[in-house]
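Here is a quick tour of a protein model, written for someone who likes to see the cut-offs next to the claims. Have a look at the sequence and the coordinates before reading on.

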Amino acid sequence: MDDVKNACEERMKKTVAALREDFAGIRTGRASPAILDKLRVDYYGQKSPISQVATVSVPEARLIVVQPWDKALIVEIEKAILRSELGLNPSNDGKVIRISIPPLTEDRRKSLVKGAKASAEQGRVALRNIRRDGIDDMKKLKDSGMPEDTVKKAEDELQKLTDSYVAQINKVLEEKEKEILEV
């Protein structure tokens, strides 16, 4: 029983972590180096994350500065940022790339919140699927001779665990919503 519960909890932790990572990539009105995390540049034939080929810093609330370790990468990094769906316009001076983060329009904010809510719902669905898998595994244990009340108690514990992770997802969504909507 504990093995099933622990396996489910591990999968639930990963689901919440994946949602947090997904939310980190959503552009808000503030500068954050995390919005560049998913972008890759061609570095000696390898697709590498920008953070592995450059220093990414946020000197001001609405400015990201990318300083490549190899000056030849400036054009590649700039192209990757322009090709992305982030809607950012980088400018370079030959040494560093500056990305000014424009304030979001009201429509864009609503669109981002809608996307965040959809991602959170996918996370909640994933949690419920994990719970269902766990309950199925527990029923198999019941069929192999485990007492029914023990199985029922374990199912209740799994439901409580699921509820706590759903609450975590709701909290993460609430924080991201607040961050997106703040002007």
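What follows covers confidence, the helices, the sheet and the salt bridges.

First, the ground rules. This is a predicted model, so local features need pLDDT of at least 70 and side-chain atom pairs count only at pLDDT 80 or more, while totals for chains, interfaces and linings use all residues. Residues are numbered from 1 along each chain as its sequence is written, and side-chain values use heavy atoms, with hydrogens and water left out.

On confidence, the mean pLDDT (the predictor's confidence in each residue, from 0 to 100) is 87 for the protein, and 99% of its residues reach 70 or more. Strand S1 (residues 40-43) sits lowest, at a mean of 86, and strand S4 (residues 63-68) highest, at 91. Helices and strands here are DSSP runs, H or I of at least four residues and E of at least two, numbered from the N terminus.

Start with helix H1, residues 2-24. The expected span of a helix is 1.5 Å times one less than its number of residues, so the 23 residues of H1 should cover 33 Å, and the end C-alpha atoms are indeed 33 Å apart. Its buried residues (under 20% relative accessible area; exposed is over 50% and partly exposed in between, with a 1.4 Å probe and protein chains only) are Val4, Cys8, Met12, Thr15, Val16, Leu19 and Phe23. They pack against helix H3 (106-143) and helix H4 (148-181), where contact means heavy atoms within 4.5 Å.

Leu173 gives a view of that packing from H4, the helix it lies in. Leu173 is buried, at 9% relative accessibility. Leaving aside residues up to four places away in sequence, it touches Phe23, Ala116, Lys117, Ala120 and Arg124. Along the chain, Leu173 and Asp156 are 17 residues apart, and their C-alpha atoms are separated by 26 Å.

Now the sheet. Strands pair if DSSP finds at least two bridges between them, and 4 strands make an open, antiparallel sheet in the order S3-S4-S6-S5. Its edges are strand S3 (54-60) and strand S5 (90-92), each pairing on one side only. From one strand to the next, the twist averages 25°. Helix H2 (residues 74-83) packs on this sheet, touching S3, S4, S5 and strand S6 (97-100), and its direction makes about 165° with that of S5. For these angles, axes are lines fitted to C-alpha atoms, for helices over the stretch in contact, and values run from 0 to 180 degrees between N-to-C directions. S3 and S4 pair over 5 bridges, and Leu63 in S4 is the bridge partner of Glu60.

How many salt bridges does a search of the whole structure find? It finds 11, each being a side-chain nitrogen of Lys or Arg within 4 Å of a carboxyl oxygen of Asp or Glu. Three of the pairs are set out here.

| Pair | Closest N to O |
|---|---|
| Glu177 and Lys117 | 3.9 Å |
| Arg128 and Glu121 | 3.0 Å |
| Asp156 and Lys152 | 3.6 Å |

Glu177 lies in H4 and Lys117 in H3, so their salt bridge ties together parts that are 60 residues apart in sequence. Lys117 is partly exposed, at 41% relative accessible area. Arg128 is partly exposed at 32%, and Glu121 is also partly exposed at 32%. Asp156 and Lys152 sit 4 residues apart in H4, about one helical turn. Finally, Arg11, Arg132 and Asp133 are linked in a network of salt bridges.
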